[in-house]
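Colleague: I should be grateful for a close look at a single part of this model. Please describe how that part is packed against its surroundings and how far the prediction may be read there.

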Amino acid sequence: MAQSPGRAASAVRLFDAHCHLQDPRIAVAAPSLIRAATASGVGRFAVNGTSEKDWHLVKQMAQEHPAVIPCFGLHPWWVPERSPDWMDSLRQFFSETPEAAVGETGLDKGSHGKTIDFGEQVEVFQRQLELAKELEKPVSVHCVRAFGDLLEILKHTGPFPAGVLLHSYLGSAEMVPGLANLGCYFSLSGFLTGMKSSKAKKMLKAIPLDRILLETDAPDAVPKLDNVSLVTVPVDTSDADAEKSHSDSTSQAAMPSKESLNHPANIHIVLKYVASLLEMPEAELAEASYRNATKLFSYPGSKVHPEAETA
């Protein structure tokens, strides 16, 4: 039953709609990860910055790798560390990098997020949503145990013609229609494998096919499934500090060890799992998710152009 991503790739192409290849745990290996994932059929990587400390790394990575789409945002975990002029700095990055999208931003009431003032989270999130609307760019959103708050804020700030990417979506099926009406796309990662399969299936069935995206959230969200061949990440195990530095594990899973860092080529495992729950061919889901991501990331100035992606 086990199928390696390399073998699975020959008939499909995939778009990793949300990852963090600039993460200190894998940044040195990122060029080789991109090459390997590209060889397996992954055509694009939306790489999300999470704080002022890594936006320049994302920008540099996008300059060096044509397949990387840069995204700049302030993640709720890093709200307490923001500088007084963080918004001016963020605007400057978008001015210098017109191909960038907004993200990662969002709300978190999980085990780590609840230690951070929620009012400040909301303020920072709203400012980035307004910036995304102003710049006509999509925004990648992290939400943990705060979907009610998220829906109300999106209703107040929206609609969002350029789209909202709900990354590693683990909300309920009942939340889907309201979020979809506001312009949301639902991006699925390896965290989905931790949800009860019956609940996951119900949620997936509620998502319109033209709003489904696939992602890895690499180096986090390692799929937890039996009988699959994970692609491993070559890392320098001598770097003791990288483990705890600047992670974005969306609180649904424990901080991964060096032995369980996620590789962007593992998006094939996410594809296989989602397709099985939706009871549809993998190739059909792969193409639909690629088409959806292409549409979402085809904003003015983007590297992505729909006519060039239809080959």
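The request and the reply below concern one helix and its neighbours.

Colleague: What does helix 5 pack on in the sheet, and at what angle do helix 5 and helix 6 pack?

Modeller: This is a predicted model, in which local features need pLDDT of at least 70 and side-chain atom pairs count only at pLDDT 80 or more, while totals for chains, interfaces and linings use all residues. Residues are numbered from 1 along each chain as its sequence is written, and side-chain values use heavy atoms, with hydrogens and water left out.

The sheet is the place to begin. It is open, has 8 strands in the order 1-2-3-4-5-6-7-8, and its pairing is parallel; two strands pair if DSSP finds at least two bridges between them. Strands (E, at least two residues) and helices (H or I, at least four) are DSSP runs numbered from the N terminus. At the edges lie strand 1 (14–19) and strand 8 (212–214), each of which pairs on one side only. On average, neighbouring strands are turned by 30° against each other, direction ignored. Helix 5 packs on this sheet, touching strand 4 (101–108) and strand 5, and its direction makes about 155° with that of strand 4. Such angles run from 0 to 180 degrees between N-to-C directions, and axes are lines fitted to C-alpha atoms, for helices over the stretch in contact.

Strand 5 (residues 139–144) in turn pairs in the parallel sense with strand 6 (residues 164–166) over 3 bridges. One of the residues involved is V141, whose bridge partner in strand 6 is L166.

Helix 5 (residues 118–135) also packs with helix 6 (residues 147–157), at an angle of about 40° and with the axes 11 Å apart. The two helices are therefore oblique to each other, the term for angles that are not under 35 degrees (roughly parallel), over 145 (roughly antiparallel) or 65 to 115 (roughly perpendicular). Among the residues that make the contact (heavy atoms within 4.5 Å) are F118, V122, F125 and L129 of helix 5, and L150, I153 and L154 of helix 6. The contact residues divide into 7 nonpolar, 3 polar and 3 charged. Here Ala, Val, Leu, Ile, Met, Phe, Trp, Tyr, Cys and Pro count as nonpolar, Asp, Glu, Lys and Arg as charged, and the others, Gly among them, as polar.

As to confidence, the mean pLDDT (the predictor's confidence in each residue, from 0 to 100) of the protein chain is 90, and 88% of its residues reach 70 or more. Over residues 1–9 the pLDDT is below 50, and over residues 237–257 it is likewise below 50. Where pLDDT is low, the predicted coordinates should not be read in detail.
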